[in-house]
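This report covers one long-helix question and the enclosed spaces of the model shown here.

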Amino acid sequence: MYQTSELEINMGPQHPATHGVLRLVLRLDGETIVEVKPVIGYLHRGVEKLSENRGYRSVTPLTDRLDYCAAFAENHSYVGAVEKLLGVEVPPRAQAMRVVLAELQRIASHLIWLATHGLDIGAMTIFLYAFREREKCLDLFEGYCGARLTYNALRIGGVPQEFPDGWTEALRRFLDELPTRIAQYETLLTGNRIWRLRTEGVGVIDARTALGLGLTGPTLRGSGVDYDVRKYAPYENYRDYAFDIPVGSKGDTYDRYLIRMEEMRQSRRIILQALEALPDGPILAKVAGRIRPPKGAEAYFMTESPRGEMSVYLVSDGTDKPYRVRFRSPCFNNLQGLPTLSKGHMVADVVALIGSIDIVLGCVDR
Amino acid sequence: MSEARAVVIPRPAPLPWWKRFFLVEMLQGMSVTMKHYLRGWREPFTVQYPEERLPLDPRFRGYPRLRMHPETGDELCNVCRQCEKICPTLCIAIEEEPHPSGKGRRPRQFTVDYERCCQCGLCAEACGSDPISAIYMSHDYELADYGRDRFRAQKDRLYLGFPAPPAGKGKAPGK
Amino acid sequence: MYPVLQYFVVPFIHGVVLTLVLLLCVAYLTFMERKVIAFMQVRIGPNRVGPRGLLQPIADVVKLLIKEDLTPDAANRVIFYIAPVIATLSTIAAFAVIPYGGPEATVSIFGFPIRPYLADVNVGILYVISISSIGVFGIVLGGWASNSKYPLLGGLRSAAQMISYEVPFGLAIIGVLMVTGTASLVEIVQWQQQHTWLFWLQPFAVVLFFIAGVAENNRAPFDLPEAESELVAGFHTEYSGFKFAFFFLAEYIAMIVVSALVVTLFFGGWLPVTFGLGHLFPKLPALLSGAWGGPWVMLLFGMGWVFIKVFFMLYLYLWIRATFPRYRYDQLMNIGWKFMIPASLAWIVLTGAGILAVQAIRS
């Protein structure tokens, strides 16, 4: 007697909840999702191609612009790849400093994730609380490298400068304050019945499917796979630190939320260990002024960015410019999981899921 | 293999019925916002930007500028073109002329396109002048102006800094 | 001549004045909302226009007035125009029966008695519930007439939501009617004057009524029809300028109406807050209600108490909005049908049993 027809709506590229310029084509049956098709490319700047026309040193600022919420992680992957290409050994002090900054970046990035994820689900106050703490992280980055968002904080062979005077004390003050702040967020969200209703059982993905889709980072660990580059292919001196890799049991949005909250605490733990055992010594290895790797050399280097496995593949043709730079961005792969995750859920869940897989469009489109 | 170990995150148990009925966790959440309200009344975290400004860190990277020799007052730039080469956005252009003393060269015109500059600071690091770098990252970060051509900063502006934009119509922000 | 003045012209002027006051209240309610939520979020909120930002609502109104008023090409123009008017008028009309002073605070202006309420209908509660449910037509029609997908979804959501929460909204009041034996809002407050605030007798009904009211007003955490992270702006996505302002007005007036209803039904309306000391100091209620100074003073005091109480209810709205995430559509329906309605029915049974028990003890 009644016939319903499917409604096709465009979510984005200008939409309050798509974290940038993601466009989702939703096919709805009432409020239920029949199909989600992500359409990407609105932020494509051709960074990979641009990199082929820059000297090795000049590519670092470009990598800042990939994942602008975690620019340090992108710097790290690229610089690490060049070092691997050249066979440069990074001095121990620089390694420890990189770990400190990388984990601080993880905290900052997870805070912005928490802010936007909370806002998408409708908890708007958490947005400003998380931004308040993130602001302190950015202040620390500004004190270290002079920029708040696009750091360009690494050089091939090490780090460009020492921590300024008083910086480690400021960092410690921030870390002392962090657990009480996280406890506040947890009071607002973790136990809240609305939050649990909105996240539990939403976007369940089992380990097999998640691995098959190439998800990485907290999105994969939510399904119970303990894959973390810091553990399975340790870079810098990560093998010296004791820390936990939180994994989930059910693979839903709530698990991914709990994991990221726990990762902030673990990052704090790593930073404290690294500050405790900060070795002395040089911070920049000797690298030739003009970087010309041998012809045909190639390197693949991966780091655990806050969003997952961020890796860079470099090929040299013997000149001072890379022949090919390939960024394997976690956001791009994680976004591929969205159609699978959101099948059968409702419009409101798509929004929660975009927040849950934590994408940054600069990183998806490159 | 590092010392990292995987730990399964425990999920909080479902709430007991009496907690659900008396909205316990909701009231806890509301107490957090109330605490912030009582303090936020007097101590907002935000800054009223045009009037109040946050202090900049000494290492802050604003737009690049040029400087003279601190003692002699000569131009430091010796046109080694390292900055031009390393700049990832290709925003630096230098025209050179022989130095009047007959030794070396000096820039006849030095142009930085502030519209393209991404403030990465690589130019200041690469600068090969002696004894200090000629190009440095200033603390200027406000660039509003009334024309695109005004962003192609040349030597006058690079040495003297940014003049205030010409007075436009209307009030300046914040009275 | 005189009856025309007394029964037509004077109430008309009364209504106009009431509406204007209400509009001013809405303007400053938006200001209060922005300020309170700002303080909860450790920021300042509007502070540029006027001293401490106090003129901000005026600036907002002016902005909305002079903004371009767009109508989508494919919209159904007539309904598109009428929808916001329906939404606003129905909520304003609901205010007619809400008392802001007792009958003893009737003042006379030019010989005409002006009572501190526009009308004392003996089915006051039914009037409020029925007239405020007309508001849903405004939203549904607005969503549909925009001929756009997001407003349509928003309108559908809001239709389902408002209709299902109408039920517990009405059922929660039945306990009050059973206890007081009247449906006139003025008489309910007078009953509370003689006995005690109904809040002490009907605590569960207050919570149910308030939650249902929040849901019916489409306010957080039940603000699905305009959930900005999902539906952009819900049913008023295509509205701009003054038509948008009308929807905005409707939402905020509805907030005030529900708050005023809660205050009138459960918190003693214009009665003063004596913190239970009325029995210790018998003169206290008279002192605080202004009974010492004639009808004008009583009117002022009554309005003051209503204002303060409504203020606290509105504050609660904002506090909740600042704290909680948003429900999902199906969860909202679940709560409405599977918890609120059974719970309010159970409460009616419990109230009935209580009344019988009291009668048995008394006799």
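The bend at a residue is taken as the angle between two fitted axes, one for the seven residues ending there and one for the seven starting there. By that definition, helix 13 of chain C bends by about 30° at C:Met340. A proline, C:Pro342, follows within four residues of the bend. The model is predicted.

Helix 13 of chain C covers residues 329–362, which is 34 residues. From its first C-alpha to its last it reaches 48 Å, close to the 50 Å expected at 1.5 Å a residue.

The structure also holds 5 cavities of 30 Å³ or more. The two described here compare as follows.

| Cavity | Volume | Lining residues | Nonpolar | Polar | Charged |
|---|---|---|---|---|---|
| Largest | about 250 Å³ | 21 residues | 13 residues | 5 residues | 3 residues |
| Second largest | about 80 Å³ | 14 residues | 11 residues | 3 residues | no residues |

Which residues lie closest to the centre of the largest cavity? They are C:Thr91, C:Met162, C:Asn217, C:Ala250 and C:Ala254. Helix 3 (77–94), helix 4 (124–145), helix 5 (149–180) and helix 10 (241–266) of chain C each give two or more residues to the lining of the largest cavity. Helix 10 of chain C gives the most, with 7 residues.

For the second largest cavity, the residues closest to the centre are B:Cys87, B:Cys91, B:Cys117, B:Cys120 and B:Cys123. Cysteine counts as nonpolar in the classes used, and the lining of this cavity has no charged residues.

Note on methods: Residues numbered from 1 in each chain as written. Chains lettered and ligands numbered in written order. Predicted model: local features only at pLDDT ≥ 70, side-chain atom pairs only at ≥ 80, totals over all residues. Heavy atoms only, no water. Expected span 1.5 Å × (residues − 1). 1 Å grid on protein atoms, 1.4 Å probe; cavity = no way out; pocket = protein on both sides within 12 Å on 5 of 7 lines; lining within 4 Å. Points joined across faces, edges and corners; volume = space filled by probe spheres on them.
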